Structures are given as C-alpha cells and as structure tokens.
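Biologist: I've got a fold on my screen and a pile of terms I half understand. Could you walk me through what earns each label?

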Amino acid sequence: MTTSTASNSSPAAAGPSGGAGDSPALKRTVGFWGLTFVSLGSIIGSGWLLGALTAAKFAGGSALISWVIAAIMLMVLALIHADLGGAYPVAGGTARYPHYAFGGFAGFTAGWVTYLQAVFIAPLEVEASLSYVNSVGNIKNDFPLINVDGTLTTQGIVVGILAMLLFTFINLGGARWLSDSNTGIVIWKTFVPLLTIGVLIILSFHAQNFTANGGFAPFGFHGIFAALPAGVVFALQGFEQASQMAGEAKNPKKDVAKAIILAMSIGALLYLLLEVAFIGSLDPATLIQNGWANPIGAGDYGPYYTLALAAGAGWLAAILIIDAVISPGGTGLIYVGTTARISYALGLPNGLTRISARGVPIWSLVLASLLGIGALLVPGSGWLQLVGYITGATAIMYSFAPISLAALRKADAKREHPYKVPAPMFMLPLGFVFANLIIYWGGFDATWRLAVAVLFGQILFVIAALVKAKNVNLAKARWQSALWIWPWLLGMCIIGYLGDFGTTELNLLPADWDTLIVAAFSLVIFYFAVSRRMSSADVEAQVEEDIEHEEEADGQPAVLGA
C-alpha cells in the first residue's frame, strides 16, 4: 500500500476561477422520494416493455427463476451501494468509492466504465420506444420509424434526436426540476405495468403455458442463466442512480440507502409479476406452433401491445403505446442527467467541471447529449445485442462497489455508516461473485470488447496526465493499489472464452462447474484487491477533503483524476 498523501487539487477546492466561491455548485435540493423515484424511474424503462419477451425466449417458463435469481443478486449489490451511499454522500458515487479505496487510477477506471454504460442507455431507451410505437399499423405503414432489420429509419433518427434534445432541455433546469418532472413520470410508469398485469391475468391467462414446449425449464440451467444478461439484469439495473445524485440530496446519510432499497424492492416484484402475466397471456396455439423463439410471432416489437389486442383490451393497447413513449423516455431523461454528473466527476477537461447558475454541470450535460445522439446515428446491433454490452459494463461497474466497501471498512474504519450492509464478511465477497457471474453469462464476445474499452479509457487517463491536464495528477494515481484490475479482467476474458455462454466460446469448461470456477476466481481477486487498498492515512485524507469541499460548496465534488 502506498503511504503518500492525498492530492489537494480539485475543482471542489478551487472553482474554475480559483476559489470555491467563484462558481455555482451542485445544489442539495432532492429529498427522499425524489431519490427513490430517480432510482425507480431508472429501473422501470424499456426493460418492462421488452424484458419478459427476451427472457422467455431464452428460458421458457423458467424465466421466472431468472427474475428471482437476478433480484437476489442485484439486491445484494443494492444493499452494498446503500451502505456506500450513506457513508460517502458524494455526487457520482459509483465512480468515487473506488477512488477513495484504491486511488486515482482505479477511481478513474470505475468512473470510465460507469460513464460507458450510462451514456448509451438514453439512446437505447429512445430506440426501444420507437420500436414499440412502430408496432401501430398506421405508423408502421405510413411513417415507419424502424426498418425491417431493426435499425432506425431516417424519420426514426430525427424523432430520436428530438427526444435527446428534450431530455437535455429538462436537465438544464437543474436537479430539482429533474426530480420534480420525474416524479409524475415514475408514478405513471409504475401504474401502467400494474394495470397491464391485472388486465392480462383476468382476461387471458393460460397456466399450461408455463410448461409448454419442453416443460417448465426447456433449456435447463443454461437457459435460466443465459436470460440474465439478455434483458433481465438490464431491466433491474438503475438502483444506483440515487447514489449518483447523493451530492444533491437534502439528507444523503438518511435518505440514499432507504431510497435504493425501496426502489429495488418495488422493481423486483413488479418485473416478476410482469413475467407471470406475459407467459400466462400468450396464445397457447401460437406458442406451440412457433416455440419459445417467437412466442407471439416473428418480428413483433410490441409484445404487451399485441397481447392486449388479442385479449380484446384495445383501450389497454392504446395506453401501452403511450407508455412506450413515457417509460423509456423517463429513463432516458434520468440517464442524460446522471451521465452528465459522472463525466463531471471524471472531469478530464477542466470545462466539464463548470457549473451553470442553476447548479447544473452544463458542459458535461451537453457532452452526454451529443454522445447519445451520436449513438442513434451509428448503424449498430439491435436492442438485445446492445443490452448485452450495457449489462456487461454495468456488472463491471457494480463489481467495484463490494471491493471498495471491503477496503474502506478496513482503511476508513472510523467512518459513520448510517446504513450497514448485513453480514459484510459474507455479503461483500458474495456481491463481487454475483457481479462476475453476470459478466460471464454475458459471453466472451461482450467481455473482451468491454475490456478493450476499459483499456482505451485508461490510456486517455495516462495521456491526460502526461500533457498535464489540470484535473489529472499522474503522481496520485496509486498504481500499486490498482494492480488487481487487469488480472481480474484478463481472467474473466479467459474463463469466458473457455466457457459456453455466447457464440464464439470453446465450451471446454465442465458443465455446471463453470459457475463454481467463476466464483473461486472471483474470491481470489476479491481478497487480493482488498489487500492492495491505500493506507488509512491516504483514504481518510481524501475522503475528508471531498466531504469538506462538498459541505463548503453545497455539494460540488472533486474530480476523479485529482
């Protein structure tokens, strides 16, 4: 462990003009329900519209088990984030915790992965929304938004860009405006799935569907696990958004943990019931004829819309089309805002740390919006493939949390934890194992591409340091504390290549033993990483510096490279 002192250079210590009072700061205006709705609004997006269909394709009736497994795994990770968010109430929290535990290089790496997964969620949600709306006959025939191959038409691109610009405009109003505008959206987003569950179960429910085409688990455990990165984990992710906005919470130590736990509990129960309603409402004859590959018909982008029409609930179908705009749109709105706050915490170019008069990181927000628009313009994979990459990046991001908390519990033992994760000696390594299993189940192709993306971000960090970027100090990188990162990522790539999840793997690992191999490897990395933590003096100095600056500047955080 390194014993050098923490950096004293950050925008929190000195505003863009040199003094803390020279620039506006992030404002603490978001209460408990605002934080809860930010997390819940992130959880309920395109995942509820499309997640049940993709899960059923991979696992059949046993997709219910996939949702239960995902809920358990992500709840463990949510409890860990709740502990961290209460003890370290800073903006861009998921990127900041590893910085406290392992120094600037590890912190930037975590922040970079956080940024990668977040910046492309907004355009993905827009594309999902347009795909759903395209199911309406008149739109599909007269004003198509989606091509036959699932890509956006010219009209779809234009509408998608307008949606991204709208998200940006709302976020420019500040965190309070974002929170307030999101509250009504989240209430709607929660009500419509509940309504859909009730109506479909009452009007069209066939219990035999759960054992059709090969029994309850037609694809075995492999199918159950393969469904997790194919939309299930993606649907349930987002609980950490409350911790991303902790720097703008009125009472972060009290509210962040409770908001994360409540949002995750509601989301998990909702998605499980949605899968029950979806499978039970399928037409048994169509299911038998098409199998689980196309349980409602080939090329259908609006599963619940189609089921509502088949059940004779045209009014519900109309509501679902409206919700197909509001639910993904609301999630996209949130992620444009939180992505801006992550890039604000990364803060490589000094301009990204500048705050508007409304307390908004305006240039970070503009960058997030432009990247999202760029994603709409690039010909790419369909919703399912993009979800796989985002899920893998999210799992890597989540992996940093249990390791960081375990290290901080040792190096910053005196810190007050308003909420404490239960049985930390068991839960923290378990959380890291869970995150790595999600990475593994996503397949080698996604894992190696994400590893390359991580390397690219780290190269940017080094370049910025070599050209003496204001917010990056190479001497404060704490390389020794970050030595575990590449053995971990390379090991996951090798295991993934030898495994049997995906399309390019060798399938050499013994069946059903691969999970234990991933778990054993994860535990080795976990304890090795914790042993590489920074010294207590370094950790306490960095944390106190950030907390002090946030209190002085009403929530403005330090950047990760400092």
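**Labels and the reasons behind them**

Modeller: Let's start in a loop: A423 lies between α18 (383–411) and α19 (424–441). Keep in mind that this is a predicted model.

Biologist: What makes the phi of A423 worth pointing out?

Modeller: Phi of A423 is near 45°, a positive value in a residue other than glycine. Most residues other than glycine have a negative phi. N213 is another example, with a phi near 55°, and its place is in the loop between α9 (175–203) and α10 (220–226). There's also G238, just after α11, with a positive phi of about 120°.

Biologist: Why is A423 called partly exposed?

Modeller: Partly exposed covers what lies between buried, under 20%, and exposed, over 50%. A423 has 47% relative accessibility, so it counts as partly exposed. N213, at 27%, is partly exposed by that rule too.

Biologist: Okay, zooming out: what is the protein chain built from in terms of helices and strands?

Modeller: It has 23 helices and 0 strands. Of its 562 residues, 61% count as buried. The accessible surface comes to about 19,500 Å², and 68% of that belongs to carbon and sulfur atoms.

Biologist: How do you know that helix α11 is largely enclosed by the rest of the structure?

Modeller: Count its residues: 9 of the 9 in α11 (residues 228–236) are buried, so the helix is largely enclosed. Among them are P229, G231 and F234.

Biologist: Now the rings. Why is the pair F105 and F461 called edge-to-face?

Modeller: A pair of aromatic rings is described by the distance of the centres and the angle of the planes. The centres must lie within 6.5 Å, and planes over 60 degrees apart count as edge-to-face. By this rule the count comes to 25 aromatic pairs. For F105 and F461 the centres are 5.5 Å apart and the planes are at 70°, so the pair passes both tests and is edge-to-face. This pair links distant parts of the chain: F105 sits in helix α5 (residues 104–119) and F461 in helix α20, 356 residues apart. Both rings belong to buried residues.

Biologist: What makes F278 and Y304 edge-to-face?

Modeller: Their centres are 5.9 Å apart with 75° between the planes, so the angle is over the 60-degree cut-off. F278 lies in helix α13 (residues 252–281) and Y304 in helix α15 (residues 303–310), so the pair ties together parts 26 residues apart in sequence. With a relative accessible area of 0%, F278 is buried, and Y304 is buried at 1%.

Biologist: How do you know that K258 lies over the face of F32?

Modeller: The charge has to be within 6 Å of the ring centre and within 35 degrees of the ring normal. K258 lies over the face of F32 at 5.2 Å from the ring centre, so the distance is inside that limit.

Biologist: Why is the contact between D412 and R415 called a salt bridge?

Modeller: Side chains of opposite charge can pair when their charged atoms come close. The cut-off is a nitrogen within 4 Å of a carboxyl oxygen, and D412 and R415 meet at 2.9 Å, N to O, so they qualify. Both D412 and R415 are buried. By this rule the count comes to 3 salt bridges.

Biologist: Which other pairs meet in a salt bridge?

Modeller: D445 and R449 meet at 3.2 Å, N to O. Being 4 residues apart in helix α20, they are separated by about one helical turn. D445 is partly exposed at 24%, and R449 is partly exposed at 39%. Then D538 pairs with R478, the closest N and O atoms being 3.6 Å apart. D538 lies in helix α23 (residues 536–552) and R478 in the loop between α20 and α21 (485–498), so the pair ties together parts 60 residues apart in sequence.

Biologist: Last one: what makes L466 exposed?

Modeller: The bar is over 50%; L466 has 60% relative accessibility, so it counts as exposed. L466 lies in helix α20 (residues 444–466). With L455, I459, I463 and V467, L466 forms a nonpolar patch on the surface, with about 470 Å² of accessible area together.

Note on methods. Residues numbered from 1 in each chain as written. Predicted model: local features only at pLDDT ≥ 70, side-chain atom pairs only at ≥ 80, totals over all residues. Heavy atoms only, no water. Patch = residues over 30% accessible without salt bridge, like charges linked within 9 Å, V, L, I, M, F, W, Y side chains within 5 Å. Areas by Shrake-Rupley, 256 points an atom, 1.4 Å probe, with all protein chains shown as cover. Salt bridge = Lys/Arg side-chain N within 4 Å of Asp/Glu carboxyl O. Helix = DSSP H or I, 4+ residues; strand = E, 2+ residues; numbered from the N terminus. Buried < 20%, exposed > 50% of the residue type's maximum accessible area, 1.4 Å probe, protein only. Phe/Tyr/Trp six-rings, centres within 6.5 Å; stacked < 30°, edge-to-face > 60°.
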